[in-house]
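Trainee: I would like a close look at one part of this model, taken step by step.

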Amino acid sequence: MPTVLVVEDERDIRDLLRRYLEREGHSVESTGTGAEALRMLVDHQPDLVLLDLGLPDIDGLEVLTAATRHGSAVIALTARSAVEDRIRGLQLGADDYVTKPFSPQEVVLRVAAVLTRTGNQSADASASFGGGRLVIDEARHEASLAGVPLDLTPSEWGVLVALAASPGRVYSRSELMNRARGYEFAGFERTIDSHVKNLRRKLGPDAAAIVETVLGVGYRLGLERDG
Ligand code: CA
């Protein structure tokens with residue numbers, strides 16, 4: 001059963017969408033704030049996010065970026081006048097958008113279409129590194145070291161995934177900040193150092209060889225990608 005996360009601060013619209021989607025057999029989670037949406041992306045791994053771009057607390061585009069990073073499909077809900085939002089949303093990877101006011105039936109049909117279109121993408125195999133030592137499954141948001149699951153904060157996860165995107169390549173702190181964005185959207189470059197420190201603590205005794213420091217430049221993954 002596909003899980004749909006509805007992020008919409010107008011309660012009536014949110015409840016209406018929930019009812020229609022549940023009637024179609026979707027498992028539905030919903031929230032009215034961007035901050036909670038970011039948490040729910042991690043907790044619920046939704047297949048699709050119906051995202052109002054005009055949220056009260058944070059920019060809906062931040063949530064959009066985080067959702068696409070998590071592998072969720074996104075349909076953006078925008079005000080008729082917000083053409084720029086819509087364009088930016090599509091640039092950032094939204095799969096479709098619906099302009100307010102909309103008919104819930106139309107939204108339901110678009111949800112079905114996008115889920116069909118993106119259905120196979122979540123079957124992405126997990127990636128392993130260092131001869132199976134480190135395994136990262138982005139779609140399931142899981143990582144393990146020597147078979148032991150790592151319990152990472154969103155920021156630590158963001159750093160690890162960013163480094164693993166290109167093992168051996170050195171990433172500067174600002175690059176890591178940008179790449180981990182969506183997991184952590186407030187902070188300075190120096191905070192990367194503390195995320196790395198915490199991540200290493202969880203990686204155990206060989207941590208410094210897994211996440212290597214390149215003096216004066218930044219960090220890199222010290223394990224080669226398998227296969
Ligand atoms: Ca709104």
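In which sense do strand β1 and strand β2 pair, and over how many bridges?

Mentor: Keep in mind that this model is predicted. Strand β1 covers residues 3–7 and strand β2 covers residues 27–31; the two pair in the parallel sense, over five bridges. One residue pair places this register: Thr 3 stands opposite Ser 27 in β2. The connection between the two strands involves helix α1, residues 11–23. Together, β1, α1 and β2 make a β-α-β unit, and that unit is right-handed.

Between α1 and β2 there is a loop, and His 26 is found in that loop. His 26 has a relative accessibility of 11%, and because buried means under 20%, His 26 counts as buried. As for what surrounds the residue, neighbours within four places in sequence are left aside here; His 26 is then in contact with Met 1, Pro 2, Val 4, Leu 21, Val 111 and Leu 115. Of these partners, Val 4 lies within the residue range of β1, and Leu 21 lies within that of α1.

For contrast in pairing sense, turn to another part of the model. There, three strands form an open sheet in the order β10-β12-β11, with antiparallel pairing. Its edge strands are β10 (171–172) and β11 (211–214), each of which pairs on one side only. β11 pairs with β12, residues 218–221, over four bridges in the antiparallel sense; within this pairing, Glu 212 has Arg 220 in β12 as its bridge partner. Helix α6, residues 154–164, lies across β10, β11 and β12 and runs at about 70° to β12.

Notes: Residues are numbered from 1 along each chain as its sequence is written. This is a predicted model: local features need pLDDT of at least 70, side-chain atom pairs count only at pLDDT 80 or more; totals for chains, interfaces and linings use all residues. Side-chain values use heavy atoms; hydrogens and water are left out. Two strands pair if DSSP finds at least two bridges between them. Contact means heavy atoms within 4.5 Å. Axes are lines fitted to C-alpha atoms, for helices over the stretch in contact, and angles run from 0 to 180 degrees between N-to-C directions. A crossover is right-handed if, with the strands pointing away from the viewer, the path from the first strand over the helix to the second runs clockwise. Buried means under 20% relative accessible area, exposed over 50%, partly exposed in between (1.4 Å probe, protein chains only).
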